[in-house]
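Trainee: I have a new structure open and would like to learn how to read it. Could you walk me through it?

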Amino acid sequence: IARTAPQRGRKAIVSMSLAGDYFQAMNDAVKNLYSLGILVIVAASNGGLDACSQSPASSPYAITVGATKNGDGLYVSTSFGSCVTLLSPGQYILGADYTCNNCSIHLSGTS
């Protein structure tokens, strides 16, 4: 994406549903994508920690999404803090289930 999107003059978005301890190389990768005009959206993580201690959630060049529970409070395991850009519903989300063509499942998280 980093090589082809700018060359083709197309807009691009990267969604990263991953998290770990603070890692400068990961945050640098997000910054590099941002500098190419690529919007990066990341999960705050499900660790229940300050998102500023996690990567890529701590990158100021990403939109970091935390989770809410039913009733609009913070979801119990979502990471939080000043590095979280916005909150999104993250509990009891209806999605497609791979077990059949018409099956659905309720899951939690922002990924």
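Mentor: Happy to; we will go from the whole chain to single residues. Keep in mind that this is a predicted model.

Trainee: Let's begin with the fold. How many helices and strands does the chain have?

Mentor: A good habit is to count the elements and then read their order. Here the chain has 2 helices and 8 strands. Starting at the N terminus, the order is α-β-β-α-β-β-β-β-β-β. The C-alpha atoms fill a box of roughly 40 × 35 × 20 Å along the principal axes.

Trainee: What share of the residues counts as buried?

Mentor: Of the 111 residues, 31% count as buried. As for the surface, the accessible area of the chain comes to about 7100 Å², and 54% of that belongs to carbon and sulfur atoms.

Trainee: And how do I read contacts along the sequence?

Mentor: Ask how far apart in sequence the partners are. Among contacts between residues at least 6 apart, 48% join residues at least 24 apart. You can treat charges in a similar spirit, by comparing where each sign is placed. The mean positions of the 6 positive and 5 negative charges are 18 Å apart.

Trainee: Now the rings. How many aromatic pairs does the structure hold?

Mentor: The structure holds 1 aromatic pair. Its members are Tyr-34 and Tyr-61, with 5.1 Å from centre to centre and 55° between the planes. The pair is described as tilted because its angle falls between the 30 degrees for stacked and the 60 for edge-to-face.

Trainee: Where do the two rings sit in the chain?

Mentor: Tyr-34 belongs to helix 2 (residues 24-35), while Tyr-61 is in the loop between strand 4 (54-55) and strand 5. They are 27 residues apart, and the pair links distant parts of the chain.

Trainee: Why do both tyrosines count as partly exposed?

Mentor: The class covers values from 20% to 50%. Tyr-34 is partly exposed because its relative accessible area is 47%, and Tyr-61 is partly exposed because its value is 31%.

Trainee: Next, a serine. Is Ser-79 buried or exposed?

Mentor: Ser-79 is buried, with a relative accessible area of 1%. Ser-79 is in the loop between strand 5 and strand 6. For a polar side chain like this, look for its polar partners. The Ser-79 side chain makes a polar contact with the side chain of Ser-45 at 2.6 Å, and it reaches the backbone oxygen of Ala-44 at 3.5 Å. Leaving out residues up to four places away in sequence, Ser-79 touches several others, including Gly-47, Leu-49 and Val-84.

Trainee: What is notable about the backbone of Ser-45?

Mentor: Its phi is positive, about 105°, although Ser-45 is not a glycine. Ser-45 lies in the loop between strand 3 (39-43) and strand 4. At 9% relative accessibility, Ser-45 counts as buried.

Trainee: Which other residue has a positive phi without being a glycine?

Mentor: Asp-72, with a phi of about 75°. Asp-72 lies in the loop between strand 5 and strand 6. Asp-72 is exposed, at 68% relative accessible area.

Trainee: While we are on the backbone, where is there a cis peptide bond?

Mentor: Omega is the angle to check. A cis peptide bond joins Ser-55 and Pro-56, where omega is about 10°. Pro-56 is in the loop between strand 4 and strand 5.

Trainee: Could we finish with Asn-70 and Thr-68? Which of Asn-70's contacts lie beyond its sequence neighbours?

Mentor: Setting aside neighbours within four places, Asn-70 is in contact with Gln-91 and Tyr-92. Asn-70 lies in the loop between strand 5 (63-68) and strand 6 (86-89). Asn-70 counts as exposed because its relative accessible area, 52%, is over the 50% cut-off. To get a feel for distance, take Gly-37: its C-alpha atom is 35 Å from that of Asn-70, and the two are 33 residues apart along the chain.

Trainee: And why does Thr-68 count as buried?

Mentor: Thr-68 counts as buried because its relative accessibility of 9% is under the 20% cut-off. Thr-68 lies in strand 5. Not counting residues up to four places away, Thr-68 touches Gly-73, Tyr-75, Leu-87 and Gln-91, among others.

Technical notes:
Residues are numbered from 1 along each chain as its sequence is written. This is a predicted model: local features need pLDDT of at least 70, side-chain atom pairs count only at pLDDT 80 or more; totals for chains, interfaces and linings use all residues. Side-chain values use heavy atoms; hydrogens and water are left out. Helices (H or I, at least four residues) and strands (E, at least two) are DSSP runs, numbered from the N terminus. Buried means under 20% relative accessible area, exposed over 50%, partly exposed in between (1.4 Å probe, protein chains only). Contact means heavy atoms within 4.5 Å. Accessible areas come from the Shrake-Rupley method with a 1.4 Å probe; for residues, only the protein chains shown count as cover. Lys and Arg count as positive and Asp and Glu as negative; His and the chain ends are not counted. The place of a charge is taken as NZ of Lys, CZ of Arg, CG of Asp or CD of Glu. Rings of Phe, Tyr and Trp (its six-membered ring) pair if their centres lie within 6.5 Å; planes under 30 degrees apart count as stacked, over 60 as edge-to-face and the rest as tilted. A polar contact is a pair of N or O atoms within 3.5 Å; within protein, one must be able to donate a hydrogen and the other to accept it, and residues adjacent in sequence count only if both atoms are side-chain atoms.
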